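Dear colleague,

Please find below the structure that I am handing over to you, followed by an account of what was found in it. I would be grateful if you could read the account with the coordinates open beside it.

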Amino acid sequence: MRDLYRALRPLIFRLDPETAHNLAFWLGERACSWPRLPEPEHAPSLRRTAFGLDFPTPLGLAAGLDKGATLLPLWKSLGFGHVEIGTVTPRPQPGNPKPRLFRFPQAGLILNRMGFNSEGAEAVAARLRRRPAGLVVGGNLGKNKETPEALALDDYRAAYRLIAPGVDYIALNVSSPNTPGLRNLQAPAALEPLLAGMLDLRKEMGLERQPLLLKLAPDLAPEDLDAIVEVAAASGISGLIATNTTLDRGVVPEPLRTAVESKGAGGLSGVPLKAKARDVRKRILAALNGRLPLVACGGLGSAEDVRGALNDGAALAQIYSALIFEGPEFVRQIHVGLLERN
Ligand SMILES: Cc1cc2nc3c(=O)[nH]c(=O)nc-3n(C[C@H](O)[C@H](O)[C@H](O)COP(=O)(O)O)c2cc1C
């Protein structure tokens, strides 16, 4: 399967990015039905425990690639210890008009304005009933585009009811830049009732022991980050994920600025996000002072980066863009690198 991907990569990179994505998923679905997908054995030294869950390795797949939980056996086979599915919205929605996904391989950069294309929570929940054992699965939740900000909690709760019973942890996504108003939910005045409402529902459903995480944007001012950390730590949620994509065009290397600008709106991820996401994580970790675990995400593109994030104090690490540019073999390479200096 890996050789097949390697052989196809030049072709895939010549295709329109969303067509390439669909082709990769089509192949991935075929791979998932192979009777003998390889099962990587992780070294015991890679094991981690975070928010009460055991992870075979700290490395996970970030939200947004497998929005519908269609390729779980494949991610497990590639060596990921956890996969965050979603973002799932309560009702199905198509997302933004195409084109909405752009790659800049020379800079390891992705620009996306997918806008939560989602099959809806019911369809995804049905698929989760057939999830493989031995892989930690998180469910990343969002609101439908047409739902007014004031009713966002209803959407998160509706999605939670369907998704939570099928996953190991839940992540509330209040940080995607591609759903108008979504990031406003990070403001303490909006965040407090949102978290309280979700924790109430968690209790109501008897899922008190299931971790509830919050995923944050990299574009928050340091003082705002501090305030958000206080709300999160006081609320009783289980952890934070930082970061989502950035709206900041200042991270784009100069020679590419015009090209990126010409593609229009959207969030940036990959190598150019690395420094910004790391700064944000360091600020969060300092403010948290050990009160909650943090999952590192954003611009992690090597074993060094992952080790750096873990050394900074993150409990786990997630990747997305680097997997697109480096291919499936990259997961194994990161593990080799992590073990070399473990
Ligand atoms: C095409 C694309 C779609 C994404 N969709 C989601 C999403 O639905 N929900 C979410 O929380 N994050 C989403 N993300 C953000 C990633 O989970 C991650 O936070 C971000 O890409 C930074 O990590 P990276 O630099 O390793 O890619 C998406 C990222 C990309 C590139």
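Leu 214 has Leu 240 of E10 as its bridge partner. The model in which this pair is found is a predicted one. The two strands concerned are E9, residues 212–216, and E10, residues 239–242, which pair in the parallel sense over four bridges. Helix H5, spanning residues 152–163, packs on the sheet and touches E4 (82–88), E7 (136–141), E8 (169–173) and E9. The direction of H5 makes about 155° with that of E7.

On its other pairing, E9 is joined to E8, again in the parallel sense and over four bridges. Within that pairing, Asn 173 stands opposite Lys 215 of E9. How covered is E9? Five of its five residues are buried, so that the strand is mostly covered. In a regular strand the side chains alternate between the two faces of the sheet. In E9, Leu 212, Leu 214 and Leu 216 point one way, while Leu 213 and Lys 215 point the other way, and all are buried.

These strands belong to a barrel. Eight strands close into it with parallel pairing, in the order E3-E4-E7-E8-E9-E10-E12-E13. Neighbouring strands of this sheet are turned against each other by 25° on average, direction ignored.

Strand E13, residues 316–319, pairs with two strands of the barrel. Three bridges join E13 to E3 (residues 59–61), and the two run parallel. In this pairing Leu 61 has Ile 319 of E13 as its bridge partner. Three bridges also join E13 to E12 (residues 294–297), again in parallel, and here Ala 296 stands opposite Ala 317 of E13. Which way do the side chains of E13 point, one way or the other? Leu 316 and Gln 318 point one way from the strand, Ala 317 and Ile 319 the other way, and all are buried.

A second sheet is open. It consists of three strands in the order E5-E6-E11, with antiparallel pairing. Its edge strands are E5 and E11 (267–270), each of which pairs on one side only. The average turn between neighbouring strands of this sheet is 20°, direction ignored. E6, residues 109–112, and E11 pair in the antiparallel sense over four bridges, and Leu 111 stands opposite Leu 268 of E11.

Two individual residues may also be of interest. The first to consider is Phe 325, which lies in helix H11, residues 321–326. Is Phe 325 buried or exposed? The relative accessible area of Phe 325 is 13%; because the cut-off for a buried residue is under 20%, Phe 325 counts as buried. Setting aside neighbours within four places in sequence, Phe 325 is in contact with Arg 9, Phe 13, Arg 103, Phe 104, Pro 105, Gly 108, Leu 109 and Ile 110. One of these partners, Ile 110, is 215 residues apart from Phe 325 along the chain, and the C-alpha atoms of the two are separated by 9.6 Å.

The other residue is Gln 93, placed in the loop between E4 and E5 (101–104). Gln 93 is likewise buried, with a relative accessible area of 10%. What does the side chain of Gln 93 reach? It reaches the backbone nitrogen of Lys 145, at 2.8 Å. Leaving aside neighbours within four places in sequence, the contacts of Gln 93 are Gly 115, Phe 116, Asn 117, Ser 118, Lys 143, Asn 144, Lys 145 and Glu 146.

Finally, some values for the chain as a whole. The chain contains twelve helices and 13 strands. Its radius of gyration is 19 Å, close to the 20 Å that the globule rule gives for 342 residues, so the chain is as compact as a globular protein of that length. Taken along the principal axes, the C-alpha atoms fill a box of roughly 50 × 45 × 40 Å. Of the 342 residues, 57% are buried. Among contacts with a separation of 6 or more, 74% are between residues 24 or more positions apart. The accessible surface of the chain is about 14,400 Å², and 53% of this belongs to carbon and sulfur atoms.

With kind regards

Definitions and conventions
Residues numbered from 1 in each chain as written. Predicted model: local features only at pLDDT ≥ 70, side-chain atom pairs only at ≥ 80, totals over all residues. Heavy atoms only, no water. Pairing = 2+ DSSP bridges. Axes fitted to C-alpha atoms, helices over the stretch in contact; angles between N-to-C directions. Contact = heavy atoms within 4.5 Å. Rg over C-alpha atoms; globule rule 2.2 N^0.38 Å. Buried < 20%, exposed > 50% of the residue type's maximum accessible area, 1.4 Å probe, protein only. Areas by Shrake-Rupley, 256 points an atom, 1.4 Å probe, with all protein chains shown as cover. Polar contact = N/O pair within 3.5 Å; in protein donor to acceptor, adjacent residues only side chain to side chain.
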